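Good morning, and thank you for coming. I would like to take you through one structure, which is shown here with its sequence.

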Amino acid sequence: KIQSFEDEISSLEHLLQNANLHFKFNNKSAAKSLNPAKQSILSMIFREAINNVIKHAHATEVIGELKVHEHQIKDNGVGIENEDASNLKSIKERVDYLNGKLIVQSNNGTLIIVEIPRGDLL
């Protein structure tokens with residue numbers, strides 16, 4: 001059985017607690033409106049982003065949020081030197097697979113915004 005997006009966020013919450021990072025995720029139930037394949041890919045994107053925070057950000061806090069038109073994750077760490085998404089190759093590949101758009105901003109931490117169309121996968 002494929003783990004739901006909400007279950008994935010719960011497991012990431014435990015991972016971040018073990019890494020002594022405060023974690024808040026807003027509106028995770030919004031993922032229920034996505035098909036299981038999109039939920040799974042979105043889960044992989046968030047897991048990769050969280051792993052990057054743990055390894056590189058020196059952050060104390062991570063905030064994730066699902067919105068109708070975009071999904072985002074932000075940390076309060078050191079940021080990314082080069083905001084070029086090539087630093088986030090596996091995330092970029094997954095976003096591209098969903099015909100989405102990846103926006104990376106680095107200012108008092110890193111903000112990753114993923115915009116994906118709501119239609120079915122091709």
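**Helices, sheet and core**

Let me begin with a pair of helices: the axes of helix 1 and helix 2 come within 9 Å of each other and cross at roughly 10 degrees. I should say at once that this is a predicted model. Two packed helices are described by the angle between their axes and by the distance between those axes. Angles under 35 degrees count as roughly parallel, and helix 1 and helix 2 are therefore roughly parallel to each other.

Which residues bring the two helices together? From helix 1, the contact uses Phe5, Glu8, Ser11, Leu12, Leu15 and Leu16. They meet Gln39, Leu42, Ser43, Phe46, Arg47, Ile50, Asn51 and Ile54 in helix 2. By character, the residues of this contact divide into eight nonpolar, four polar and two charged.

I turn now to the sheet. Five strands form an open sheet in the order 1-2-3-5-4, and the pairing is mixed. Strand 1 and strand 4 stand at the edges with a single partner strand each, so one side of each is left without a neighbour in the sheet. From one strand to the next, the twist averages 10 degrees. Helix 1 lies across strand 1 and strand 2, and runs at about 165 degrees to strand 1.

Strand 5 deserves a closer look. How many of its six residues are buried? Five are, and strand 5 is thus described as mostly covered. With strand 3, strand 5 pairs in the antiparallel sense over four bridges. Within strand 5, Ile112 is the bridge partner of Ile73, and Val114 stands opposite His71.

Strand 4 also runs antiparallel to strand 5, and six bridges join the two. Lys101 has Glu115 of strand 5 as its bridge partner, while Ser106 stands opposite Thr110 in strand 5. Strand 4 and strand 5 form a hairpin with three residues between them. In the turn of that hairpin, Asn108 has a positive phi of about 55 degrees.

Positive phi values also appear at two other asparagines. Asn20, in the loop between helix 1 and strand 1, has a phi near 60 degrees, a positive value in a residue other than glycine. Asn27, in the loop between strand 1 and helix 2, has a positive phi of about 65 degrees although it is not a glycine. Are these two residues buried or exposed? Asn20 counts as exposed because its relative accessibility is 69%, and the cut-off for exposed is over 50%. Asn27, at 42% relative accessibility, counts as partly exposed.

Next, the interior. The largest nonpolar core has 30 residues, and Phe5 and Phe46 touch the most other members. The elements giving two or more residues to this core are helix 1, helix 2, helix 3, strand 1, strand 2, strand 4 and strand 5. Which element gives the largest share? The answer is helix 2, with eight residues.

Phe5 can be followed in detail. Leaving aside neighbours within four places in sequence, Phe5 is in contact with Phe25, Lys28, Ala31, Gln39, Leu42, Ser43, Phe46 and Leu66.

One of those partners, Gln39, lies in helix 2. Gln39 counts as buried because its relative accessibility is 12%, and buried means under 20%. Not counting residues up to four places away in sequence, Gln39 touches Ser4, Phe5, Ala31, Lys32 and Leu34. For a sense of distance, the C-alpha atoms of Gln39 and Asn107 are separated by 28 Å, and these residues are 68 apart along the chain.

My last residue is Glu70, in the loop between strand 2 and strand 3. Why does Glu70 count as buried? Its relative accessible area is 17%, and the cut-off is under 20%. Beyond residues up to four places away in sequence, Glu70 touches Glu65, Ile113, Val114 and Glu115. Val114 also stands opposite His71, as mentioned for strand 5, and Glu115 is the bridge partner of Lys101.

With that, I would be glad to take your questions.

Note on methods
Residues are numbered from 1 along each chain as its sequence is written. This is a predicted model: local features need pLDDT of at least 70, side-chain atom pairs count only at pLDDT 80 or more; totals for chains, interfaces and linings use all residues. Side-chain values use heavy atoms; hydrogens and water are left out. A nonpolar core is a set of buried Ala, Val, Leu, Ile, Met, Phe, Trp, Tyr and Cys residues joined through side-chain atoms within 4.5 Å. Buried means under 20% relative accessible area, exposed over 50%, partly exposed in between (1.4 Å probe, protein chains only). Contact means heavy atoms within 4.5 Å. Axes are lines fitted to C-alpha atoms, for helices over the stretch in contact, and angles run from 0 to 180 degrees between N-to-C directions. Angles under 35 degrees count as roughly parallel, over 145 as roughly antiparallel, 65 to 115 as roughly perpendicular and the rest as oblique. Ala, Val, Leu, Ile, Met, Phe, Trp, Tyr, Cys and Pro count as nonpolar, Asp, Glu, Lys and Arg as charged, and the others, Gly among them, as polar. Two strands pair if DSSP finds at least two bridges between them.
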